[in-house]
Amino acid sequence: METLYQLALFFLYLLITVIVTGNAFYWKEDRRFFFLNFRQVPTGLSIFSFCATWLGSIPIIGYIISFYTVGEHAFLGEVIGWIGAVLLFPLLFSNLRNSHALSIPQWISQKHREPELRKITAGACLVVFLLFLSIEFRGFSSIICSMFGTNRVVASILIYTCVLYTTFGGLPSIVRSDAMNLLLMMVGLLWACGMMTSQFSSPLEIPERAKDLFPELFRIDLLSPASWYYILGSLVSIVAVSSNPLFLTRIMAARTKAGAMAMLTIAPFILGTIYLALTLYGLGGKILAPGIDTQITNFAFASLANQVLPPLAKTVFLLAVLAACISTANSQLLIASCSACYDLLGDRGNTPLEVYHEDRFLFNVRLAIAIIATLALGISFLELSDILLLNRYCFSFLGIFLFLPLYLPRKNLLFGWSAILSSGTFLILATAYFLRLSPEQLMITVLLLEFLLWNVSALRGEKAHETSRL
Amino acid sequence: MKHPGFEQAIRLILALPSLCVILAVVALAFQRDYARETRLAFETLENIKNPVQNASNVPEAREFFEKSAAAAYWTVQRGKNDIFTSFSLKNGEDFILRLHTKALFLKTLENQKNVIMTGMIGFVIALEIGMFFSYGFTRPIKRLIWGCRQISRGNWVTIPHSWNNTREFTEMEKAFNRMSRELSQWHQIQEQLYRVEHLAGLGKIVAGVAHEIRNPLTSIKLYTGLLEKHVSPEGKPYFFVIKEESERLNDTVKRYLSLANPRAPLFADFSLKELFHWCSTVIEPHLQEKEIRLSLELSPENFSWKGDFSLYQQMMLNLVMNSLEAMENKENGILEIQGLLEEETLHIRVRDNGSGIPRENLSQVMMPFFTTKETGTGLGLSLVYSVVEAHSGNISLDSSPAGTAITLKFPRI
């Protein structure tokens with residue numbers, strides 16, 4: 001029966017996605033529409049889209065298994081870090097809302113008046129989001145493979161086609177499918193949590209029993225090296241999430257300032273509820289199935305679901321993970337294609353007639369979407385490393401390239417941001433291999449170096465500026 | 001009511017047959033697998049036939065059956081309905097087995113799971129192909145609509161050929177472009193006709209008025225010449241004002257007359273370099289006064305051209321004076337004069353970075369007496385037009401708030 005539920009629900013999901021997503025080639029479309037929906041995303045959809053993009057399959061799987069393994073440390077490293085990033089968004093809020101830029105690299109280069117900076121940050125976004133996308137493909141396909149014994153190639157191609165379908169329509173299609181995906185995620189995750197808690201007398205019994213059975217999960221000693229590892233992780237999450245173009249573009253695309261602010265205010269509550277459900281699920285899983293091998297995260301997740309959930313709940317839970325995967329992957333794909341076509345290639349092949357120019361440009365963007373998704377699919381089969389480790393590296397890279405240019409003010413620099421970021425990249429390549437630094441240590445080191453270089457450059461630049469004025 | 005789009009229609013058209021094909025393929029694969037599984041189910045019976053028949057009673061037979069592979073396909077049935085197979089035991093009892101069709105169905109479904117999921121992928125891919133199909137159909141129509149809108153605004157655009165268009169759309173584009181070109185020519189002819197009629201009417205009036213002014217003016221000029229030596233030193237400044245003003249009036253009358261009754265051009269060879277040199281010398285004081293930079297470009301550097309030199313002088317002077325006036329209050333004004341001989345056509349381009357001509361005035365600037373300047377006569381560009389026409393050339397004007405470029409093209413005579 002499980003197979004029947006699974007296939008029927010998947011097909012239903014596909015049909016609803018097709019109906020909800022709408023047109024791929026809109027009649028009145030241009031790049032402002034495609035990338036930012038003319039900055040007219042209604043408040044409700046903004047909130048839904050923000051939350052759906054936030055919850056990818058990797059954060060869900062990673063958080064459940066982390067909580068299963070290390071308890072409250074996972075909350076410290078992942079939830080506090082991620083939600084904490086929301087506190088930094090208001091620092092960019094007004095500038096992002098007032099800007100006419102269509103992408104974050106463009107906004108950064110306009111802010112610092114450095115055209116090369118746009119290319120560098122766009123290149124970084126392209127590479128990082130290509131890897132993120134491959135992680136999403138691989139994560140989801142290996143789960144579906146472990147849980148239902150489906151062929152991995154088939155599972156990967158299924159998610160690849162769904163992501164392509166929703167991304168071809170640009171941000172308008174993505175936000176609509178995001179709303180549906182968030183609803184599905186909430187239903188799936190809350191249902192799974194409900195099935196888990198139904199095996200106990202009350203939800204409150206889960207933490208109480210877990211405290212008795214596994215007291216080590218609730219012991220946080222802030223002075224221990226393990227805690228510092230998670231505190232560092234939390235700090236890195238704040239830096240990387242607050243520099244993530246997926247969320248910054250949602251601020252730009254909202255219809256009104258009040259709507260964007262409402263999105264930033266309400267989303268943490270929705271996400272908090274989901275994280276609470278995931279926490280209960282992880283803890284309940286630890287009590288009911290304590291002996292799961294957590295060395296390989298996605299297999300551990302599948303094994304936990306197989307042991308604690310009935311077939312229908314398991315299928316709906318898997319569908320929720322699929323929805324989480326698609327809602328994040330399509331936004332990542334849009335950012336990657338925007339970086340490639342809009343920021344890196346720019347307006348090449350400009351034809352004099354505006355209608356042709358926009359048509360051709362948007363057709364090329366869709367071609368880029370197909371190429372990037374296919375590349376990501378190919379990379380996902382390469383089995384580069386554990387997906388959580390790869391995910392951490394990607395986040396570190398995002399922070400290294402975007403955080404300081406986003407949040408530091410504009411100054412007269414003697415050697416510009418391009419030189420500062422290039423030095424950072426060189427340091428990564430030179431030291432990462434030999435020093436065996438973790439992605440978090442690497443990011444903090446490089447950010448400190450970049451900050452130092454920026455200060456030196458700004459001081460020298462101010463002096464040179466004063467001299468030239470005299 | 002919002003009409004459904006072409007993309008939705010095409011997707012629906014493609015989705016339905018693709019869904020049918022996918023369902024048919026999946027059903028065929030399913031049916032084959034179901035048949036294979038049924039065959040397997042009966043094969044498993046062969047393996048248990050002897051041991052079951054040798055069992056002394058039903059519980060013993062049942063125990064043996066449940067340990068065998070046949071248990072996956074068959075269920076023990078004690079009854080008279082739905083009997084598929086039965087074994088007679090040693091004690092004379094019947095051991096009845098019924099084919100477990102639900103288990104068989106689910107097993108087949110499990111076997112065919114990847115095929116069914118591949119079918120779902122095929123369905124989504126069919127929809128994605130549908131999108132690109134609809135793109136191929138809708139974009140040429142979108143461009144055509146854009147072209148029609150441009151033409152309704154008076155912009156005679158043509159639609160460039162797209163390599164990926166179908167034959168029908170290519171024909172449609174060709175037809176549109178032909179229509180656009182013909183409409184443009186028709187519009188030009190209409191403008192010329194209007195101009196001719198306008199000029200003919202004006203010419204009669206102007207010629208009459210100019211004639212009436214010219215006769216007394218000739219007398220004034222003659223007598224001021226005779227009076228010059230009799231004027232006292234105190235009266236000389238006033239006398240010169242009268243003389244200069246009558247000269248100016250005479251020039252104005254001449255210009256009006258030349259517009260009303262243009263003389264036939266006297267064709268002779270002249271040097272373009274000489275024309276440009278003359279032009280730059282004449283406007284030099286104006287350039288210095290307004291701090292405007294002049295850029296002269298002639299390619300090839302020196303060549304002779306056949307035309308009426310004095311008319312060319314008149315034309316160039318009017319063009320550059322117009323440009324200088326457009327850059328009246330402009331800092332870093334640049335005036336570019338280019339002459340280019342390309343095959344058998346002479347291109348003269350005068351470009352400035354002045355205030356430009358408002359869009360709504362573009363179609364009228366060549367008309368006589370049309371002016372937006374307080375002291376203008378509205379004859380400058382009109383004279384230019386007459387000279388170009390007299391030399392069988394044509395004139396094009398491109399203006400924006402960043403400046404104006406006037407390009408003249410003359411065929412070799």
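Among contacts in chain B between residues at least 6 apart in sequence, what percentage join residues at least 24 apart? In this predicted model, the share is 70%. The secondary structure of chain B comprises 9 helices and 10 strands, and 37% of its 413 residues count as buried.

The overall dimensions of chain B deserve a moment's attention. Its C-alpha trace spans about 165 × 40 × 40 Å along the principal axes. The radius of gyration of chain B is 47 Å, whereas a compact globule of 413 residues would have a value near 22 Å.

We turn next to the interface with chain A. Chain B contributes 35 residues to the contact, and chain A contributes 35 residues. Between them, the two chains bury about 3500 Å², and carbon and sulfur atoms account for 72% of that area. Polar links are present as well: 4 residue pairs, with both residues at pLDDT 80 or more, are in polar contact between chain B and chain A. On the chain B side, the elements that each give two or more residues to the surface touching chain A are helix 1 (6-53), helix 3 (101-111) and helix 4 (113-152). Helix 4 of chain B supplies the largest share of that side, with 22 residues. Sorted by class, the side of chain B that touches chain A holds 20 nonpolar, 6 polar and 9 charged residues.

Charged pairs can be followed across the same boundary. The salt-bridge rule finds 4 such bridges between chain B and chain A. In one of the salt bridges, Asp359(A) pairs with Lys142(B), and their closest N and O atoms are 3.7 Å apart.

Within chain A, a single serine offers a friendly place to look at local packing. Ser243(A) sits in the loop that connects helix 12 (225-242) and helix 13 (245-253) of chain A. Ser243(A) counts as buried because its relative accessibility is 0%, under the 20% cut-off. Leaving aside residues up to four places away in sequence, Ser243(A) touches Leu248(A), Leu398(A), Gly399(A), Leu402(A), Phe403(A) and Leu406(A). Ile400(A) is 157 residues from Ser243(A) in sequence, yet their C-alpha atoms are 9.3 Å apart in space. The side chain of Ser243(A) also has a polar partner in the backbone: one of its polar atoms lies 2.4 Å from the backbone oxygen of Val239(A).

How values were computed: Residues numbered from 1 in each chain as written. Chains lettered and ligands numbered in written order. Heavy atoms only, no water. Contact = heavy atoms within 4.5 Å. Buried area = accessible area lost by both parts, 1.4 Å probe. Salt bridge = Lys/Arg side-chain N within 4 Å of Asp/Glu carboxyl O. Polar contact = N/O pair within 3.5 Å; in protein donor to acceptor, adjacent residues only side chain to side chain. Helix = DSSP H or I, 4+ residues; strand = E, 2+ residues; numbered from the N terminus. Nonpolar A, V, L, I, M, F, W, Y, C, P; charged D, E, K, R; others polar. Rg over C-alpha atoms; globule rule 2.2 N^0.38 Å. Buried < 20%, exposed > 50% of the residue type's maximum accessible area, 1.4 Å probe, protein only.
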